[in-house]
Amino acid sequence: MYKITQTLRKNNFLVLFFLSTFTSIGQVGIGTTTPSTTLEIVANGTNDGLLIPRVNSFTALGAAQNSALIYLTTTIGTNTPGFYFWDNGASIWRPLLDNYKGWTTEGNTGTNSAVNYIGTTDGQALTFRTNNTERFRIANANQVHALANGTAARPFYSWENDDDVGMYKTGNDQLSLAAGGLEFLRLREAGSDQLVVNEGSNDINFRVESNNNQNMLLVDSGADAVTVGYAGATTEQFGSINFALGYDAIVGMNNDTVGNAVWAVNINNNGTGIIGASDGNSVYNPTGSGIAGSGLSLGVFGYAGAGNTLGNMAARFSLDRDNNVNTLNNRCQAEIAAYDTTNYGGNAYYGGYFEGNGSWAYVGLNYGGTYYKIAGNGSVSSMIKDKENKERVIYCPEAPEITLQDSGNGKLINGKATINIDEVVSRNITVNKKHPLKVFIQLEGDCNGVYVNNKSNKSFTVNELKNGKSNTSFSWFIIANRADEYENGTLISKNADVRLPFGPGMKSQHRAAKKEMKRNIN
């Protein structure tokens, strides 16, 4: 207190001396006799100036010394060497530039990022202006605010040497990215929650690049096409998808009982969900279908690998009665290439099962150790045409056993005839005491009548009664049990002893599942 007070007293004495010297004119001059202001100090030479009192510590002053000026020569706490003035109202020594810690327009040096900054120390926002119009704002909420939306041609955030590239606002809750004055990408929450590429419908392509292929996915706007794996888009179909040679076109994978690997939906009643073609020519039903397959050699292929598991099959089809998958009332159904149990407990392999509103049939059936071409209810029939070229139904005879039939003509020579059975028929019939050959003779002339003996799977003999010697013609008809079938010594189909076996029966219907779309497609 003594040191700084003594210095200030000396200075006050000098000031009072000069003031008393020049009271007649009201002006004080130091180094000049013609002061132009109340106090004018003129330096003598280049190494002269006004020397402010220097201190190495702070001492509190009073109201009389309010605004006293000193120069601190050492660092005291956070106060570094420099000019300070006494603020009696706050009872502290303040740095001379305490309210003016600004950054110069020519740059600054010696700054410390921990303590030096541009900003505010209260809760007010920091704003930036040009032409006295606010352009940019840093709010007191961890946000930076733009004060204009911008456009694709002049985005708000851009670059000086490329000012048509950047980011801008296209509307409430919408953010866009532009390049070359064109909008490429838009984030749009406004009720639709979308990320939109090429919102302006410009000729802009969208490309996804992988590690080894720069055209892993390409949306060609000019061709209205999507390509995967190569850049050669086509315009054959609107929205077509093209793929590189040697790669699968679409691979879908999932591990879920509800979610599908691929789900294709066409909401038009006459549309097709999936069209598949192997020859480049896609053939489909113009009135719509779920799947349309076409090819030069094979249109649709179905495969089920676990052929030894009951209930497995390559394909199943159904025609519902009421368009409700929760009701088991199909009008028609079909199963292809299947292995399943039956209603009598036996298991059956069959190439196809076909059911039409109560009428049903297995085709290519292996059941109970026996092969069947067709097995089902109803009648076996065929069609012939009448004179008006209209189809007429004819029916096949049916039997409780598996038999083969043959017929032919013969003639008695001196009352006797031996008929040799066709070699192919002979190889496929069983003739023995348990399975006798049944022979029917129709005489076509006058004789004593005939009887048949020496019956085998190879031939039979027709004899005239009463040792007659006539030469009468006749026709014959035979029925024989079909022989069992073997392959490499193993029985593969029982035939000879089969009589009225229990059949596989009509198949039960299977409940389907329906997956609803979550939202409409616009």
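Start by selecting residues 194–197: this is strand β14, and β13 pairs with it in the antiparallel sense over 4 bridges. Strands here are DSSP runs of E with at least two residues, helices are runs of H or I with at least four residues, and both are numbered from the N terminus. Two strands count as paired if DSSP finds at least two bridges between them. Show arginine 186 as sticks, and you will find its bridge partner in β14, valine 196.

Before moving on, some housekeeping. You're looking at a predicted model, where local features need pLDDT of at least 70, side-chain atom pairs count only at pLDDT 80 or more, and totals for chains, interfaces and linings use all residues. Residues are numbered from 1 along each chain as its sequence is written, and side-chain values use heavy atoms, with hydrogens and water left out.

**The other side of the β13 story**

Now add residues 174–179 and 182–188, which are β12 and β13: they pair in the antiparallel sense over 6 bridges. Glutamine 174 is opposite arginine 188 of β13. Click the turn next; 2 residues sit between the strands of this hairpin, and glycine 180 has a positive phi near 65 degrees.

**An open sheet**

Jump back to β3, β4, β5 and β6, which line up in that order as an open sheet of 4 strands with mixed pairing. Its edges are β3 (54–55) and β6 (92–95), each pairing on one side only. Inside, select 69–72 and 82–87: β4 and β5 run antiparallel and are joined by 4 bridges. Tyrosine 71 has phenylalanine 83 of β5 as its bridge partner.

**Two hairpins that share β23**

Select 332–341 and 347–356. These are β22 and β23, an antiparallel pair with 9 bridges. Isoleucine 336 is bridged to glycine 352 in β23. In the loop of 5 residues between the strands of this hairpin, look for glycine 345, with a positive phi near 90 degrees.

Extend to 359–367, and you have β24, which pairs with β23 in the antiparallel sense over 8 bridges. Glutamate 355 finds its bridge partner in tryptophan 360 of β24. The hairpin of β23 and β24 has 2 residues between the strands, and asparagine 357 in the turn shows a positive phi of about 50 degrees.

**The largest core**

Which residues touch the most other members of the largest nonpolar core? Select Leu412, Ile421, Leu437, Phe460, Phe474, Trp476 and Ile478, out of 15 residues in that core. A nonpolar core is a set of buried Ala, Val, Leu, Ile, Met, Phe, Trp, Tyr and Cys residues joined through side-chain atoms within 4.5 Å. Buried means under 20% relative accessible area, exposed over 50%, and partly exposed in between (1.4 Å probe, protein chains only). The elements giving two or more residues are β29 (416–420), β33 (459–464) and β34 (473–482), and β34 gives the most, with 4 residues.

Zoom in on leucine 437: beyond residues up to four places away in sequence, it touches Ile421, Val431, Lys455, Ser456, Phe460, Ile478, Ile479 and Ala480, where contact means heavy atoms within 4.5 Å. Apart from this core lies another, of 10 residues, including Met313, Ala338, Tyr353 and Leu365.

**Zoom out**

Finally, show the whole chain: it has 2 helices and 36 strands. Of its 522 residues, 22% are buried. Among contacts between residues at least 6 apart in sequence, 32% join residues at least 24 apart.
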